[in-house]
Amino acid sequence: MKKLLMALVLILCATTVAAQDATAEQKPCFGYLSYTAALQAMPEYAAAMDSVARFQAACDTEMARVEREFNVKYEAFLDGQKDFPRTILLKRQQELQQMLEQNVAFRQQLQQEVKKTETALLAPIREKLQQQLAEIGASHELMFILNTDADQLPWLNTQQGLNVMPLLAQ
C-alpha cells in the first residue's frame, strides 16, 4: 500500500513539474506598450508636430497683434477719459468691452483650430500605429495589447506578456 501511495505522489509531482514547464514555454497571451511613446517614436510624428508648432506660432502672432491693437485703444481711452463727455465715455467703454469679448472668442477659436489641426495631422499616424499593432497582435497570437500610459495599469506580469515596443521598430 505504501508503495502504491509513493508511486501516486511521484506521478503527481512529475505531472505538476511537467505542467509548469509547459506553462513556461507558452507564448505570451497579451502585449503591452506605452502608446504615447510608440506614437512619438514614429518618424511622421515629428513632422506633424512641427506643422502644429508652425500653425500655433502663426496663431500666437495674430493674437499678439490683436492684443496690441486693444492695448493701444485702451491706453487712448485712459488718456482721454477725463476730457470725454459722458456719452462718448460710455460709447468708448462699450467699444472696448465688445473688443475684449471678441478677442476672448477669437483666442478660443484659435485654440480650437490648433487642436483640430493637431487631431487631423495625427489621425493617419494613429491609424498606421493601430495597423502595426493589429499585425503584431495577429502574428504573435496575442489576445490583446495593453496601453501602459497614465498609470492605467498599476501592475503587469511581464513574464506573461510581450513588450511590443521593440517589434514596432522592425
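**Exercise 1.** Lysine 116 has a relative accessibility of 54%; decide whether it counts as buried, partly exposed or exposed, then work out how it sits relative to its salt-bridge partner.

*Solution.* Step one: the cut-off for exposed is over 50%, so lysine 116, at 54%, counts as exposed. Keep in mind that we are working with a predicted model. Step two: the partner is glutamate 113, and the closest N and O atoms of this salt bridge are 3.8 Å apart, which is inside the 4 Å limit. Step three: glutamate 113 is partly exposed, at 31% relative accessible area. Step four: about one helical turn separates lysine 116 from glutamate 113, because they are three residues apart in helix α4 (residues 86–139).

**Exercise 2.** Find which residues the salt bridges with shared partners join into one network.

*Solution.* Let's build it up pair by pair. Step one: glutamate 62 and arginine 65 meet through their side chains in a salt bridge of 2.7 Å, N to O. Both belong to helix α3 (residues 43–80), where they are three residues apart, about one turn. Step two: arginine 65 also forms a salt bridge with glutamate 69, with 3.0 Å between the closest N and O atoms. This pair lies in helix α3 as well, four residues apart, again about one turn. Step three: check the exposure. Glutamate 62 has a relative accessible area of 29%, arginine 65 has 36% and glutamate 69 has 38%, so each one is partly exposed. Step four: Glu62, Arg65 and Glu69 are thus the members of one network.

**Exercise 3.** State how many salt bridges a search of the whole structure finds.

*Solution.* The search gives six salt bridges; among them are the pair glutamate 62 and arginine 65 and the pair lysine 116 and glutamate 113.

How values were computed:
Residues numbered from 1 in each chain as written. Predicted model: local features only at pLDDT ≥ 70, side-chain atom pairs only at ≥ 80, totals over all residues. Heavy atoms only, no water. Helix = DSSP H or I, 4+ residues; strand = E, 2+ residues; numbered from the N terminus. Buried < 20%, exposed > 50% of the residue type's maximum accessible area, 1.4 Å probe, protein only.
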